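The exercises below ask for a reading of helix packing, of a nonpolar core and of a contact between chains, each followed by a worked solution.

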Amino acid sequence: MSNVATNSVNVLGPTGSEKFMRRIMPLIALAVVLAVIPVFGPSRTVYSLLNAMGVNIVFAMSYNMLLGRAGLLSFGHAVYFGLGGYAAVHAMGAIEAASYGDGGFWASYPVFFLPVVGFAGGALAGAVIGWPSCRRAGTPFAMISLGVAELIAAAGFMFGSIFGGEEGVSGDRMNGPELFGLSLGPIEEVYWFIAFWTFIGVLGTYAFTRTPLGKMSEATRDNPERVEFVGYDPQKVRYLVFIFSGGFAGLAGGMAAVNYEIFTPEALSLAPSGMVLLMAYIGGIRYFAGPILGAILLTYMQSMMSDYSEAWLLYLGLLFIVIVMFAPGGLAGIFVGLFSGLRGEDAGENFRRWAVQVAGIVLMMIGIITLVEVSVHWSNNYGEVFHPFGVQLPHDGVLTWAVIFIPFVAGVGILRMAHKNKEGQA
Amino acid sequence: MSIPALSINDLHKSFGPAHIIRGVTLDIEPGERHAIIGPNGAGKSTLFNLISGGYHPSKGSIKLRGEEIGGMKPFKINRKGLSRSFQVSNIFSNMTVRENVRCGVLYSMGYGYGFLRNVGNLHDVQRKTAEILESVDLLDKANLPAALLPYADQRTLEIAITIAGGADVIMLDEPTAGMSHSETERAVALIKQATEGKTLLIVEHDMGVVFNLADRISVLVYGEIIATGKPTEIRGNEKVREAYLGDEADAIEGDAA
């Protein structure tokens, strides 16, 4: 019997080439993308956007270790990002002081490796705060995380010598030994630093999912009771995952410390905690790469859409609600659905259905966006009128309300019809 | 006489005013297959939960190979070599069959909470997982999501996870509940084979299964064991006949296989 079993080991798991395609290839692709981007000669604005994306990607990945993989909903993940970042920014100060002073350990510590300090800081914070909060899962865990977030955010404005009060703590990244010939002065050089640590962050969070602890964290999410009866303490599983998640959040904090050279108590507050939740969820928490997509999209919206519209946060909220209600798989889920739909037998049918849905959604969006923009312009009281493509749309114009209602109603009608057709077929 | 695999002494459990287990005393020898039967509400599941660590005993002791385990956390009891299955399928439904069994194997092979090894490279774990799957005849379904398995296969997987950790005291809570006749026969054969040389404690309603499988039977009624003995002794016991009314009593009588 054991002979047969030994032979069948290879048959059981994925084959070598499957493993390579599914696990190694995406990582190689990520590395290639990161390495190729500078070839296109991005502008300084694009570089700073890319750097912000890198930080948020690692932050969102660390968050998804909790939400997606361990089933722990945290409302205070920025605490670990912030504490890791503060550890890194203080270490940056120590490097500066040491390299102009009497040397010592910090004089020989390259700024390039500050994310390691961030990781340690975040993991330490996770180890301390996780001890009480990981005793419970579900709603109590979420509530405790919210309480802790409030507590640390308040402390951020109180302990001036640590958090620097409202101005925060700033540093200078161009000190200490240089690594890989990077002075880290110009933003192009910072890009390489961010790209390196983004890759390490994604690689690290991925590797974690492959470990016994990572697998048991998924098992604990799905069935904590059964986990107890195969020899594991679900509390300990959650606690250890929490420490790692805090560590990777701190790593992202360390990346941010070097990128921005400043940390303020805002970084610990509920706003970034909420943002990272949105990134992970909109990207898709059940897919490993989901939070990467979410981080890219939301960072883009954060820095680019705010130029176009003051109401961008409103759109973000709408996007979140729509994803929660209609596409719980997030962006990654939508992509996977598209991909498998186009490869299936009824690709043509699927394609027609999506075209109809997209048309309906676009029409609804025209109505909603017009409504929001007209309202925002009107309530600002600057006398400015929303004028897309040169068309004046004042709040009291008949045309305005026609542009709001007709596409909206048409869009709703199309979506309802598409839905009914689908049900009729099924 | 050797130390009993499981020794329960004057065990009580109350939930508020409800006195569910009222002084159970029971010794199970190593290698014995012991069945607990009794009418609905007799406290069989409560007794199971007390032994496996789900509940704290109100009074009394539970010893696993002479060591007190009453009130211990389930995962600690599991590490001492006692494993149980559940009445309703309690599997990791988002994982494949293979991953389910692997979850049962990992701790016992010493990988615990490890975070420095890739599970894909743990060949001893893979070999053990394959052996378990082979022994319960689920090898061909190894890569199916557990949630998609037919009911009987989910029950089998439940048993596979239970035996995966290599525990030598196995507790099965109604392993054949809801199975068809042929599925039940297969399940009994599987249980016999998978628990070979191990101590088995089983709760079961199907009298055919009980009399086929058990070396000894205990009858639990209203939180007390009214009789313990070999199947033939239980069948002829007057108190047992009184506890079971009508059809079930006939079933006990009639199933003289």
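## Exercise 1: a pair of helices

In this predicted model, H9(A) and H11(A) pack with their axes 10 Å apart and at an angle of about 120°. Classify the orientation of H9(A) to H11(A), and describe the residues through which H9(A) and H11(A) meet.

Solution. Angles from 65 to 115 degrees count as roughly perpendicular and those over 145 as roughly antiparallel, so an angle of about 120° makes H9(A) oblique to H11(A). The crossing of the two helices H9(A) and H11(A) is left-handed. On the side of H9(A), Leu213(A), Met216(A), Ser217(A) and Thr220(A) take part, and they meet Pro234(A), Val237(A), Arg238(A), Leu240(A) and Val241(A) of H11(A). Sorted by class, the residues of this contact are six nonpolar, two polar and one charged.

## Exercise 2: the nonpolar core

Which residues have the most contacts inside the largest nonpolar core, and what surrounds Val58(A)?

Solution. The largest nonpolar core has 174 residues, and Val58(A), Ala252(A) and Ala160(B) are those with the most contacts inside it. H11(A) gives the most to this core, contributing 15 residues. Once neighbours within four places in sequence are left aside, the contacts of Val58(A) are Trp197(A), Thr198(A), Gly201(A), Phe248(A), Leu251(A), Ala252(A) and Met255(A).

## Exercise 3: the contact between the chains

How many residues does each chain bring to the contact, and which element of chain A gives the most?

Solution. Chain A brings 30 residues and chain B brings 37 residues. Among the elements of chain A that give two or more residues to this side are H8 (187-210) and H11 (234-260), while H1(A) gives the most, with seven residues. By class, the side of chain A that touches chain B holds 15 nonpolar, seven polar and eight charged residues.

Key
Residues are numbered from 1 along each chain as its sequence is written. Chains are lettered from A and ligands numbered from 1 in the order in which they are written. This is a predicted model: local features need pLDDT of at least 70, side-chain atom pairs count only at pLDDT 80 or more; totals for chains, interfaces and linings use all residues. Two residues are in contact if their C-beta atoms, placed from the backbone, lie within 7 Å. Helices (H or I, at least four residues) and strands (E, at least two) are DSSP runs, numbered from the N terminus. Ala, Val, Leu, Ile, Met, Phe, Trp, Tyr, Cys and Pro count as nonpolar, Asp, Glu, Lys and Arg as charged, and the others, Gly among them, as polar. A nonpolar core is a set of buried Ala, Val, Leu, Ile, Met, Phe, Trp, Tyr and Cys residues joined through C-beta atoms within 7 Å. A residue is buried if 20 or more other C-beta atoms lie within 10 Å of its own, exposed if 12 or fewer, and partly exposed in between; C-beta atoms are placed from the backbone. Axes are lines fitted to C-alpha atoms, for helices over the stretch in contact, and angles run from 0 to 180 degrees between N-to-C directions. Angles under 35 degrees count as roughly parallel, over 145 as roughly antiparallel, 65 to 115 as roughly perpendicular and the rest as oblique. A crossing is left-handed if the near helix is turned anticlockwise from the far one by less than a right angle, and right-handed if clockwise.
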